[in-house]
Amino acid sequence: MSVFVAKRHRIVTVPNLFLVSVFVALIIGLIPTVNRINSQGYYGMPINLNAPRFSLHDANGTAFTPDDLLGRYTFVVFGFINCENVCHNYVGLLELISRNVSGDNAQFVYMAMDVERDTPYELRQYFDSRGENFVSLNARSLATMQSVASRFNAGYRVAKPADSVDYTIEHPSRLYLVDPEGVIRIVYTGAFLEYKEIIKDLNNLSHQQNLTKNGAFNET
């Protein structure tokens, strides 16, 4: 029996203009479409790598390490609040997943790349309403967070024009699914992802591992 069961909700449609722009972008190939069902039956790209070591702090100052990934499925994404679009797309995607699965054996970890502007206060303002299973992490320095991102193969750089005090961050669009044993099992790429397909991946993994609601293994 699947651990993650999709709930039924009324879907609110977005403006027609946006739908048209997405449709056109798909036709001309501007939106990556690599996340199709692959030969192994997954929507994302299956891998099998231990989550790298790191030591960060959540928005309340509590230490967070890979040990906190154990015991349940975890989605990990790198982003920053001042991102123009893709970071917010990913947070919205995670919120959809959270709202459409039953059980409490999944968590959603956001690693803040903008250590200067994404303060603990800003992170609490952005995430507190999304649920207790959302965790936002920050580092003491930019170098520390860049090092963590590189270990996840999600390296990024701060782009600051010489004649401006403002800056942006250049980064890849990746979402990582870590299993309850701390192993990265699936990587998703691209700005637009289907949350229902990701839920199917969760069910496939949980079925393989016979995961119960309490995070233990159970005979079928």
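Is Ser173 buried, partly exposed or exposed in this predicted model? With a relative accessibility of 23%, Ser173 counts as partly exposed, where buried denotes a relative accessible area under 20%, exposed one over 50%, and partly exposed the range in between (1.4 Å probe, protein chains only). The model is predicted, so that local features need pLDDT of at least 70 and side-chain atom pairs count only at pLDDT 80 or more, while totals for chains, interfaces and linings use all residues. Residues are numbered from 1 along each chain as its sequence is written, and side-chain values use heavy atoms, with hydrogens and water left out.

Ser173 lies in the loop between strand E8 (168-170) and strand E9 (174-178); helices (H or I, at least four residues) and strands (E, at least two) are DSSP runs numbered from the N terminus. When neighbours within four places in sequence are set aside, Ser173 is in contact with Val86, Tyr90, Tyr188, Thr189 and Gly190, contact meaning heavy atoms within 4.5 Å. A separation of 8.2 Å is found between the C-alpha atoms of Ser173 and Ala154, which are 19 residues apart along the chain.

The strands include an open sheet of 8 with mixed pairing, in the order E1-E10-E9-E4-E5-E6-E2-E3; two strands pair if DSSP finds at least two bridges between them. Strand E1 (45-50) and strand E3 (63-64) stand at the edges with a single partner strand each, so one side of each has no neighbour in the sheet. Strands E4 (residues 73-79) and E5 (residues 106-112) run parallel and are joined by 7 bridges, with Thr74 opposite Gln107 in E5. Helix H5 (residues 195-209) packs on the sheet, where it touches E4, E9 and strand E10 (183-189), and its direction makes about 160° with that of E10. Such angles run from 0 to 180 degrees between N-to-C directions, the axes being lines fitted to C-alpha atoms, for helices over the stretch in contact.

A search of the whole structure yields 8 salt bridges, each defined as a side-chain nitrogen of Lys or Arg within 4 Å of a carboxyl oxygen of Asp or Glu. One of them joins Glu95 to Arg130, with the closest N and O atoms 2.7 Å apart. This pair links distant parts of the chain, 35 residues apart: Glu95 belongs to helix H2 (residues 86-99), and Arg130 to the loop between helix H3 (120-127) and strand E6 (134-138). Both Glu95 and Arg130 are buried. In the salt bridge between Arg117 and Asp114, the closest N and O atoms are 2.5 Å apart; Arg117 is partly exposed at 24%, whereas Asp114 is buried at 2%.
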